[in-house]
Amino acid sequence: MAQKRKSARKPTVDPELKRQLADATDDANVQAVFTLRTPVGQKYLCPADTSNVVEKLIHEGSTASRSSPQRVKVFANAQSFAVSGRPALVRSLLEHSEIASAMANVQREGMAVRPVKPKGRTKQRRTGLRGRQARGTKVSP
């Protein structure tokens, strides 16, 4: 079931993960979250199938990279898993056709979305019945 890619589409890889893999030394630790590709003809993988596919991918990736993962967490209902391990392991997992996408589990500090200050009025006027009556405006039945 877990086979290396031949003519299948490449997974979508987060630019931050690409940067981390490029900058990492061989003995460094890289954390990544992978999403599995849904097989043709199915809407989704059941949790048991997800766990089985992840187990096979981890075994094959570990064998190919000669490196075992430091930590693996399977999100069976979300059809994804997280791995912490050597860069060679993460790269070998990216070579499998079952992987749909991958992203870095650790993002840069500057990635937070900053709050935006509102422009113009900060409060909206109430336009309900009470608001009209309070202003003395005639209310038609």
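Begin by selecting strands β3 and β4 in this predicted model, where the two strands form a hairpin with 4 residues between them, and where Gln79 in the turn has a positive phi of about 60 degrees. Once the hairpin is on screen, follow its two arms away from the turn: β3 (residues 71-75) and β4 run antiparallel and are joined by 5 bridges, and one place to look is Arg71, which stands opposite Ser84 in β4.

Next, keep β4 (residues 80-85) selected and add β2 (residues 30-36). These two strands pair in the antiparallel sense over 6 bridges, and two facing pairs are worth labelling: Phe34 stands opposite Phe81 in β4, while Ala32 has Val83 as its bridge partner.

With β4 still in view, consider how its residues are covered. The strand is mostly covered, with 6 of its 6 residues buried, and this holds for both faces, since Ser80, Ala82 and Ser84 are buried on one side and Phe81, Val83 and Gly85 on the other.

Now widen the selection to the whole sheet, which is open, has 5 strands in the order β1-β5-β2-β4-β3, and shows mixed pairing. At its edges are β1 and β3, each of which pairs on one side only.

From the sheet, turn to the helices that lie on it. Helix α1 (residues 15-23) packs on the sheet by touching β1, β2 and β5, and its direction makes about 140 degrees with that of β2. Helix α3 (residues 87-94) lies across β1, β2, β4 and β5, and runs at about 15 degrees to β2.

Select α3 alone and ask how enclosed it is: 6 of its 8 residues are buried, so the helix is largely enclosed by the rest of the structure. The buried residues are Pro87, Leu89, Val90, Ser92, Leu93 and Leu94, and what covers them includes the strands β1 (12-13), β2, β4 and β5 (99-104) together with the helices α1 and α2 (47-65).

Finally, show α1 and α3 together. Their axes come within 10 Å and cross at roughly 135 degrees, and the two helices are therefore oblique to each other; the crossing is left-handed. To see the contact itself, display Leu17, Leu21 and Ala22 of α1 with Pro87, Val90, Arg91 and Leu94 of α3. By class, this contact has 6 nonpolar, no polar and 1 charged residues.

Terms used:
Residues numbered from 1 in each chain as written. Predicted model: local features only at pLDDT ≥ 70, side-chain atom pairs only at ≥ 80, totals over all residues. Heavy atoms only, no water. Axes fitted to C-alpha atoms, helices over the stretch in contact; angles between N-to-C directions. Parallel < 35°, antiparallel > 145°, perpendicular 65-115°, else oblique. Left-handed = near helix turned anticlockwise from the far one by under 90°. Contact = heavy atoms within 4.5 Å. Nonpolar A, V, L, I, M, F, W, Y, C, P; charged D, E, K, R; others polar. Buried < 20%, exposed > 50% of the residue type's maximum accessible area, 1.4 Å probe, protein only. Pairing = 2+ DSSP bridges.
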